[in-house]
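Open the model in your viewer and keep the selection panel handy. This tour goes from stop to stop, saying what to select and what to look for.

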Amino acid sequence: MKKKIVLLLSITLGILVLLIPFLGSGRAASPSQKGCPACDSFGVQRSPERKEAPVFSLNSLDGKQISLSEFKGKPVLITFWATWCESCKEELPVLNNFCVGKEDQLVWLLIVIDGERKKAAQKIVNQNKVTLPVLLLLKEKAMDQYGVRGWVPQTFIIDREGRLLGKIVGPRDWCSPEAWSCLKELLELR
């Protein structure tokens with residue numbers, strides 16, 4: 001009798017272990033949530049649902065008004081950074097180098113969260129020869145809309161339709177093969 005109970009419990013436990021991945025969602029994975037091993041290894045926190053990315057319009061370092069809606073139809077990455085953040089400053093030239101030759105496939109916007117320090121931001125951009133658009137966050141609510149709190153850099157990944165796919169918190173090695181593999185897989189790039 002004890003052997004039957006132990007056997008039944010073992011079978012039940014085995015079935016539960018096999019079903020755990022399917023119990024959370026209750027439905028098949030959407031295309032945005034299909035497996036992305038490169039994303040997992042690169043540290044992308046996937047958005048649970050494909051919601052519209054918050055739209056913003058900000059001034060760039062060179063005085064132009066830039067709106068997220070200008071880039072509909074193209075994947076966009078947005079990195080929030082700060083002039084006081086050492087890892088942010090180290091990551092800027094790496095991001096810039098990563099984007100060389102990929103301008104036709106994606107847009108990368110750099111939003112400096114302490115935009116009132118325009119001169120400091122300009123100095124950092126010049127020293128690092130950054131050519132990506134740098135936007136100044138002053139009193140606008142973009143940081144709150146994206147839920148950026150406490151830690152920078154934070155990078156948000158937006159698909160061609162303007163939907164938020166996920167975010168990356170903290171610096172990454174954007175020149176690693178995993179970086180491009182991750183974005184190609186997630187954004188269906190070539």
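A residue is called buried here if its relative accessible area is under 20%, and exposed if that area is over 50%. By that cut-off tryptophan 174 is buried, because its relative accessible area is 0%. Keep in mind along the way that this is a predicted model.

**Stop 1: the tryptophan pair**

Leave tryptophan 174 selected and add tryptophan 108. The two rings form an edge-to-face pair, with 4.8 Å from centre to centre and 85° between the planes. Tryptophan 108 belongs to strand E5 (residues 107–112), while tryptophan 174 lies in the loop between strand E8 (163–169) and helix H6 (177–187), so the pair ties together parts 66 residues apart in sequence. Tryptophan 108 is buried too, at 2% relative accessibility.

Now widen the selection. Which residues do ring pairs link into a cluster with Trp108 and Trp174? They are Phe42, Phe98 and Trp180. Add lysine 102 to this view: it lies over the face of phenylalanine 98, 4.5 Å from the ring centre. The charged end of lysine 102 also sits over the ring of tryptophan 180, at 4.9 Å from the centre of that ring.

**Stop 2: another aromatic pair**

The structure holds 9 aromatic pairs. For one of them, select phenylalanine 56 and tyrosine 146: the ring centres are 6.2 Å apart and the planes meet at 70°, so this pair is edge-to-face. Phenylalanine 56 is in the loop between strand E1 (45–52) and strand E2 (57–60), and tyrosine 146 is in the loop between helix H5 (142–145) and strand E7 (154–158); the pair thus links distant parts of the chain, 90 residues apart. Are these two residues buried or exposed? Phenylalanine 56 counts as buried at 6% relative accessibility, and tyrosine 146 counts as buried at 6% as well.

**Stop 3: the cysteines**

Next, show the cysteine side chains. How many disulfides are there? The count comes to 2. In one of them, cysteine 36 is joined to cysteine 39, with an S to S distance of 2.0 Å. Their link is right-handed, with 55° about the S-S bond, and both cysteine 36 and cysteine 39 are buried.

Stay here and add cysteine 182. Why is its sulfur not bonded to that of cysteine 39? The cut-off for a disulfide is 2.5 Å, and the sulfur of cysteine 182 is 3.5 Å from that of cysteine 39, its closest cysteine sulfur, which is too far for a bond. Cysteine 182 is buried, with a relative accessible area of 0%.

Move on to cysteine 85 and cysteine 88, a disulfide with the sulfur atoms 2.5 Å apart. This link is right-handed as well, with 80° about the S-S bond. Cysteine 175 is in no disulfide, and the nearest cysteine sulfur, in cysteine 99, is 9.8 Å away.

**Stop 4: helix H4**

Finish with helix H4 (residues 118–127), where you can select the buried residues Ala121, Ile124 and Val125. They span an arc of only 100° around the axis, which means that they are on the same side of H4. Among what covers them are strand E4 (76–81), helix H3 (86–99), E5 and strand E6 (134–136). Rotate to the face turned away from this buried side to find the exposed residues Lys119, Lys123 and Gln127. Just after H4, lysine 129 takes a positive phi of about 50°.

Methods
Residues numbered from 1 in each chain as written. Heavy atoms only, no water. Buried < 20%, exposed > 50% of the residue type's maximum accessible area, 1.4 Å probe, protein only. Phe/Tyr/Trp six-rings, centres within 6.5 Å; stacked < 30°, edge-to-face > 60°. Helix = DSSP H or I, 4+ residues; strand = E, 2+ residues; numbered from the N terminus. Lys NZ or Arg CZ within 6 Å of the ring centre and 35° of its normal. Arc of directions from axis to C-beta. Contact = heavy atoms within 4.5 Å.
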